[in-house]
Amino acid sequence: MKKLLLASVLSATALPFAAIAQEYTAPAVAAKPAGGPVKNGNYVIDPTHTFVMYEMGHYGTTTNRGRFSTKDGSVQIDGTGASGKVDITMDIGTINTGVDLLNRHVQSKDFFNVAEFPTGRFVADRIDFSGDKVVDVPGTLTLMGQTRPVTLKAVRFNCYLNPLINRQVCGGDFETTVQRSDWGITWGLNFGFENKVKLLVQVEAVNVSAQ
């Protein structure tokens, strides 16, 4: 629904949602600074720029990594411009470790149990700013039917005017570290797979407020 909303808003400006994807092939065009998120702004997550990566230690040697996509999401900035709300749904079934056999394993009941819990969700009722930059997003993460508190810390954050769609886009890189056992993911804890998991989240959201 949110993707359709974004498409309709961009179509109204004679620029379809597909224009976002053209960013990969279009000639380089300078992006302009666009200040911070706007007061009372409504933003829709751009799924082509929003992903979650996890990192988990493996026998004290290498790090196992995987990435999954987002289904949809929204960010609302409040009237003060100093807080807001976030609601993002992740498509756990898209998880990709780069190894087919491992993909099937992490989708199984040993890990994410995708057949029973195909999505995850991050929800926040507050966004912490320093000036016009987001610094923290304290919220909750739901996985495997379990909801636990998680705070995403911004590593970088910026807003710019996307020259392809003539809309403000805001986003950044966020990180947090969790204990996977809090969500009931315990496979391998007794023989070399760490409980501590680092989550790296990249997010971009398009301002779909009336212009």
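**Entry 1: strands that pair**

Two strands pair if DSSP finds at least two bridges between them. I kept that in mind while I looked through this model, which is a predicted one. I began with β4 and β5, which pair in the antiparallel sense over 9 bridges. Across this pairing, I found Gln76 of β4 opposite Lys85 in β5. The two strands make a hairpin with 6 residues between them. In that turn I noted Gly81, with a positive phi of about 75 degrees.

Next I looked at the other partners of β4, which covers residues 63–77. Strand β3 (residues 51–58) runs antiparallel to β4, and 7 bridges join them. Here I saw Val52 standing opposite Phe68 in β4. β3 and β4 also form a hairpin, with 4 residues between them. Its turn holds Tyr59, which has a positive phi of about 55 degrees.

Strand β2 (residues 42–45) pairs with β4 too, in the antiparallel sense and over 3 bridges. I met Gln76 again here, as Asn42 stands opposite Gln76 in β4. I also jotted down a general reminder for reading strands: in a regular strand, side chains alternate between the two faces of the sheet.

**Entry 2: the nonpolar core**

How many residues does the largest nonpolar core have? I found 41, and the residues with the most contacts inside this core are Phe112 and Val137. Strand β11 (residues 193–207) gives the most to this core, with 6 residues.

I then followed Phe112 and left out its neighbours within four places in sequence. Its contacts include Tyr54, Phe68, Ile92 and Ile95. Val106, Gln107, Phe117, Leu143, Met144 and Ile185 are also in contact with Phe112.

**Entry 3: a look at Thr97**

Where does Thr97 lie? I found Thr97 in the loop between β5 (84–96) and α3 (100–107). Is Thr97 buried or exposed? Its relative accessible area is 17%, so Thr97 counts as buried, the cut-off being under 20%.

Leaving aside residues up to four places away in sequence, I saw that Thr97 touches Tyr54, Arg65, Gly66, Leu102, Asn103 and Val106. I recognised Tyr54 and Val106 from my list for Phe112. I also checked the side chain of Thr97: one of its polar atoms lies 3.2 Å from the backbone oxygen of Val99.

**Entry 4: empty space inside**

Rolling a probe the size of a water molecule over the atoms shows where empty space is left. My search of the whole structure gave 2 cavities of 30 Å³ or more. The largest cavity has a volume of about 340 Å³. Of the 23 residues that line the largest cavity, Val52, Phe68, Leu141, Leu143 and Leu199 are the closest to its centre. Val52 and Phe68 are the residues I had seen standing opposite each other in β3 and β4.

Which strand gives the most to the lining of the largest cavity? I found β11, with 4 residues. β3, β5, β8 (133–143), β9 (146–162) and β11 each supply at least two residues of this lining.

**Entry 5: the largest pocket**

Last, I turned to the largest pocket, with a volume of about 160 Å³. I counted 13 lining residues, and those nearest the centre of the pocket are Arg156, Gly171, Gly172, Val203 and Glu204. The elements that give two or more residues to the lining of this pocket are β9, β10 (167–179) and β11. β10 gives the most, with 5 residues.

Terms used:
Residues numbered from 1 in each chain as written. Predicted model: local features only at pLDDT ≥ 70, side-chain atom pairs only at ≥ 80, totals over all residues. Heavy atoms only, no water. Core = buried A, V, L, I, M, F, W, Y, C linked by side-chain atoms within 4.5 Å. Buried < 20%, exposed > 50% of the residue type's maximum accessible area, 1.4 Å probe, protein only. Contact = heavy atoms within 4.5 Å. Polar contact = N/O pair within 3.5 Å; in protein donor to acceptor, adjacent residues only side chain to side chain. 1 Å grid on protein atoms, 1.4 Å probe; cavity = no way out; pocket = protein on both sides within 12 Å on 5 of 7 lines; lining within 4 Å. Points joined across faces, edges and corners; volume = space filled by probe spheres on them.
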